[in-house]
Amino acid sequence: MNTRTLIRGGRLLCPTTGLDAPGTLILEGGRITGASTGEVEAGASDSVLDATGCVVAPGFVDLHAHFCDPGEEHKEDLRSGGRAAVRGGFTTVVVGSQTTPVNDTRAVTEMIVRRAAAFEGCRVLPMGALTQGREGRRLTEMYDLRDAGAVALGDADVTVADAGLLRRALEYARAVGLPVFEQPEDASLAGHGVMHEGPVSTRLGLNGVPAVAEVAVVVRDLALCAATGARLHLGPLSAAESVAAVRRAKADGLPVTCAVTAAHLHLTDEAVAAAYSPQLRSRPPFRAEADREALLAGLLDGTVDAIASGHRPQSPVEKDLEFDLAEPGLVGLETALGLVLRLVLEGRVELVSALRALTTGPARVLGREASLAAGRPADVVVFDPAARARVAGADLSSRSRNTPFLGQALPGLVRFTLVGGEVRHRSTENVR
Amino acid sequence: MTQTRRHLLELAPLEAREITELLDLAESFQDISHRRIKKVPALRGMTVVLLFLEASTRTRTSFELAAKRLSADTLSIAGGTSSVVKGETLLDTTRNLAAMSPDIIVLRHKHSGSPHLLARHIDASIVNAGDGGHEHPTQGLLDALTIRQHKKRIAGLKVAIIGDIAHSRVARSNIAALGKLGADVWVCGPPTMVPPGIEALGCRATSDRDTAVRDADVVMMLRIQKERMTEELFPSDREYSQRFGLDRDVLARARPDALVMHPGPINRGVELAPDVADGPQSIILDQVANGIAVRMAVLYHCAGGGGGDA
């Protein structure tokens, strides 16, 4: 029997189609079948979701997350990661290739796809490694990875140091038809750095990662992008000069995209100074206020295509340590929307632009579409932008708790997340 | 629980008044070391743990003598003998120590911010005896005390600190202490060793040795660590010595009564010429002697004695 789902009473907001009106979204057979601004009578067999006071938008797409599965399941696995995603409003998540074993073969990609499908979380799209073992020496079997379900190729948090190899990888990937993801950081320039290099690292006596460690790779990669014509995605970016370089490249017509994380739009190196908290150790590092401003400006003018969660779970074993011994990373799936809405409340960005960077932008990086148009898969998020919820470790669906935002009240509460028309998350919280 | 404890983690946040009080307190302890019975009962019944996870002779023995002259019970744990080498984390090691109820833990560790980590998690007073490239507060205090005793003031003096500023905790603590007390502090080294934004700590920076030394009242040389050569921070001992070392000719550009200081251990012939190190202007051994009085003052203060909150 074909049951319909009606999402009623909300503000339908789709950055892809430009729809922005109160109304009812109609879902049927796992797809969106229509949107109505008038009254829609519910039939006896219809299920109705009350979206009063809420925004109804395409489900969020995350380009930079790590589910640690296989390999570090004590931090996160495909089930917990998928739950954290839908709790945060994400319906599609690209999971990094930095698994153990590395996702550099068809077998690993297939396993991730198959196992993820068994859990009722988000859609999990694997990133296949660009080089074998992410060692930067030999290319992976990219066609095979693509056919197994990989949607992007990249060595996740390792930069390909060998420019000659990266050139070949870009050429090859162009024919495979997948974008190449690169997180830019020159290892020799980063050295033993553990935070942004600047006056704050000087004050704290911690080794710094200079901004040029990122910028030098961005500039090199853009030159290779121009030379090969391959689709290149850079991120997460942290430095002002990186954004400026991408802006120029886009103006030149290069097929380049980039992303920043929601946390990098809020935090700077000054936060580290408070108490050397290892929760603030991140890769790329949180940089200076001028860098944060530049990331925001890039978001506003469209240079930055996507806001990512940067989800990188770590257990206390990796975090309850001296700052420079702690592993970098923070969980981000369940705080991304709140952080983005905080920017909206601060008047730094329009709601529709913010949502574009969570939906339209990242989907396009993958050559996909995130929209509320009829015929599209019913991947939908319903959130109350006026509700505020405190970030509490016990409430997180992620298996890890490594976030510097614990205890903070963030705006926005995801009421429902639907993947393929199925309700995968329903808020039981009643906070206003 | 930890809020009620007095720590000494760094000098940077202290006010000039608090630093002066600690120096005055140190001066009042100074004569104890010159008595026949070098002991007062100020910390009798208290336990001081000296947790030195990085090699140190001078600072550890200085703290140990300071604690003993105050009649505290001391327990000394060095890097090689601790569980940290067996893979135990710093927090676990110190939690175990804390379970034995020490009053003060003195920590030397190669990781910046580690005393702050302990202060957050451990119920004991934490004294920083040097954390990575961050601070070495008791060194900053003893240097300030030594200068004050020789010059009768600190305000208005020109102090040149020369060496690897980027990796020096001694430099940071001295900039904090001397800067707050009104000295005109200059730091100097090759650009690879002068970190960005150092001026924000309250000093001026130059890579020209003559600019730093000219008319200086105090020239403080820092130990140059040979392992920095492998990081390509400088090409050779020879060139370093010629361009950034201190010999008699260079010292002649400072004021005639300029003081020469060094936190030790010295690389003789690299950053400091032997005749300058042993010359009449050198007060290097006074620094060592003052170390005990300063550490007595810090331990006494952290144990709850004296006034104010540092």
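**Strand β6 of chain B and its surroundings**

Mentor: B:Ile161 stands opposite B:Val187, a residue of β6(B). The model is predicted, and local features need pLDDT of at least 70, side-chain atom pairs count only at pLDDT 80 or more, while totals for chains, interfaces and linings use all residues. Residues are numbered from 1 along each chain as its sequence is written, and chains are lettered from A and ligands numbered from 1 in the order in which they are written.

Trainee: What makes β6(B) a strand?

Mentor: Strands are DSSP runs of E with at least two residues, and helices are runs of H or I with at least four, numbered from the N terminus. Strand β6(B) spans residues 184-188 and has five residues, so it meets the strand criterion.

Trainee: How do you know that β5(B) and β6(B) pair?

Mentor: Two strands pair if DSSP finds at least two bridges between them. Strand β5(B), residues 158-162, shares five bridges with β6(B) in the parallel sense, so the criterion is met. The chain passes from β5(B) through helix α6(B), residues 169-180, to β6(B).

Trainee: Why is this β-α-β crossover given its handedness?

Mentor: A crossover is right-handed if, with the strands pointing away from the viewer, the path from the first strand over the helix to the second runs clockwise. The crossover from β5(B) to β6(B) is right-handed, which means that its path runs clockwise in that view.

Trainee: Which strand pairs with β6(B) over three bridges?

Mentor: Strand β7(B), residues 204-206, pairs with β6(B) in the parallel sense. B:Cys188 stands opposite B:Thr206 in β7(B), and B:Cys188 is also the bridge partner of B:Ile162.

Trainee: Why is β6(B) described as largely enclosed?

Mentor: A residue is buried if 20 or more other C-beta atoms, placed from the backbone, lie within 10 Å of its own, exposed if 12 or fewer, and partly exposed in between. Four of the five residues of β6(B) are buried, so the rest of the structure largely encloses this strand.

Trainee: What makes β7(B) and β9(B) edge strands?

Mentor: Five strands of chain B form an open sheet with parallel pairing, in the order β7-β6-β5-β8-β9. Strands β7(B) and β9(B), the latter at 259-261, each have a single partner strand, so one side of each lacks a neighbour in the sheet.
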